[in-house]
Amino acid sequence: MIKKFLLALAVALPMCAWAQSPKFGTVDVDNIIPNMPEFVEAQAKINEASKTYESEYAKIDEELQKKYAEFQELSKDATTLQSIKERRMQDIQELDKKAQQFAQTAQADLQRQQAQLLQPIQEKVMTAIKAVGSENGFTMIFPEGVAAYTATDVQDVTPLVKAKLGIKE
């Protein structure tokens with residue numbers, strides 16, 4: 001008798017679980033991350049680094065403009081040897097190449113810094129989304145705007161994730 005009851009229970013439990021409808025949610029991460037204090041701090045660091053690079057590039061550009069102006073004056077002087085003019089032009093081209101390399105290096109470094117600073121923020125948001133999903137019995141939580149169609153019974157969990165992260169509306 002007990003064996004029959006346990007067998008019936010073993011067969012019935014999966015059916016009960018199957019009978020429950022799945023629960024889906026959406027989350028607007030683009031609305032959450034900019035409101036996080038960590039994001040504001042990261043943006044400030046990136047802006048500071050960007051200003052530093054811009055300042056340094058301005059110095060290089062100023063030097064380049066100065067050398068070019070000197071070269072133009074030198075070009076007007078008929079007594080200056082052609083070899084000197086050519087050497088000055090090479091100097092300008094080399095400085096221009098260095099300026100371009102600096103700009104590329106600065107851009108790559110800013111992108112690297114941004115990725116490095118945003119990674120822990122994104123991980124924190126993902127942890128909060130997983131916690132909200134687990135605590136509230138969601139089957140899946142999708143990013144806002146990914147689905148081609150969203151039924152009315154899909155719940156927006158953005159406020160729950162914000163609350164989990166301590167972000168006030």
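This report describes the helices, the core and selected residues of a predicted model.

## Overall layout

The protein has five helices and three strands. From the N terminus, the order of elements is α-β-α-α-α-β-β-α. The chain counts 169 residues, and 22% of them are buried.

## The pairing of helix 3 and helix 4

Two packed helices are described by the angle between their axes and the distance between those axes. Helix 3 covers residues 37-76, and helix 4 covers residues 82-135. Their axes come within 10 Å of each other and cross at roughly 175°. Helix 3 is therefore roughly antiparallel to helix 4, since angles over 145 degrees fall in that class.

The contact of helix 3 with helix 4 involves 23 nonpolar residues. Ten charged residues and five polar residues also belong to this contact.

## Three residues and their partners

Residue pairs give points of reference along the two helices. Leu64 sits in helix 3. Its relative accessible area is 11%, so Leu64 is buried, the cut-off being under 20%. Leu95 lies 31 residues from Leu64 in sequence. In space, the C-alpha atoms of Leu64 and Leu95 are 6.5 Å apart.

Lys85 belongs to helix 4. With a relative accessibility of 14%, Lys85 also counts as buried. Its C-alpha atom is separated by 7.3 Å from that of Phe71. Along the chain, Lys85 and Phe71 are 14 residues apart.

Gln114 is another residue of helix 4. It counts as partly exposed, because its relative accessibility is 34% and that class runs between 20% and 50%. Gln114 and Ala42 are 72 residues apart in sequence. Their C-alpha atoms are 7.6 Å apart in space.

## Length and bend of helix 4

Helix 4 has 54 residues. At 1.5 Å a residue, helix 4 should span 80 Å. The C-alpha atoms at its ends are 79 Å apart, which agrees with that expected span.

Where does helix 4 bend? The bend is at Leu118, and the angle is about 30°. A proline, Pro120, follows within four residues of Leu118. Just after helix 4, Gly137 adopts a positive phi of about 70°.

## The largest nonpolar core

The largest nonpolar core has 17 residues. Those with the most contacts inside this core are Ile32, Met36, Ile121, Val125, Val161 and Leu165.

Which helices each supply at least two residues of this core? They are helix 3, helix 4 and helix 5, the last covering residues 158-165. Helix 4 gives the largest share of the core, with six residues.

## Summary

Helix 4 recurs throughout this account. It runs roughly antiparallel to helix 3, bends by about 30° at Leu118 and supplies six residues to the largest nonpolar core. Its residues include the buried Lys85 and the partly exposed Gln114.

Key: Residues are numbered from 1 along each chain as its sequence is written. This is a predicted model: local features need pLDDT of at least 70, side-chain atom pairs count only at pLDDT 80 or more; totals for chains, interfaces and linings use all residues. Side-chain values use heavy atoms; hydrogens and water are left out. Axes are lines fitted to C-alpha atoms, for helices over the stretch in contact, and angles run from 0 to 180 degrees between N-to-C directions. Angles under 35 degrees count as roughly parallel, over 145 as roughly antiparallel, 65 to 115 as roughly perpendicular and the rest as oblique. Ala, Val, Leu, Ile, Met, Phe, Trp, Tyr, Cys and Pro count as nonpolar, Asp, Glu, Lys and Arg as charged, and the others, Gly among them, as polar. The expected span of a helix is 1.5 Å times one less than its number of residues. The bend at a residue is the angle between axes fitted to the seven residues ending there and the seven starting there. A nonpolar core is a set of buried Ala, Val, Leu, Ile, Met, Phe, Trp, Tyr and Cys residues joined through side-chain atoms within 4.5 Å. Buried means under 20% relative accessible area, exposed over 50%, partly exposed in between (1.4 Å probe, protein chains only).
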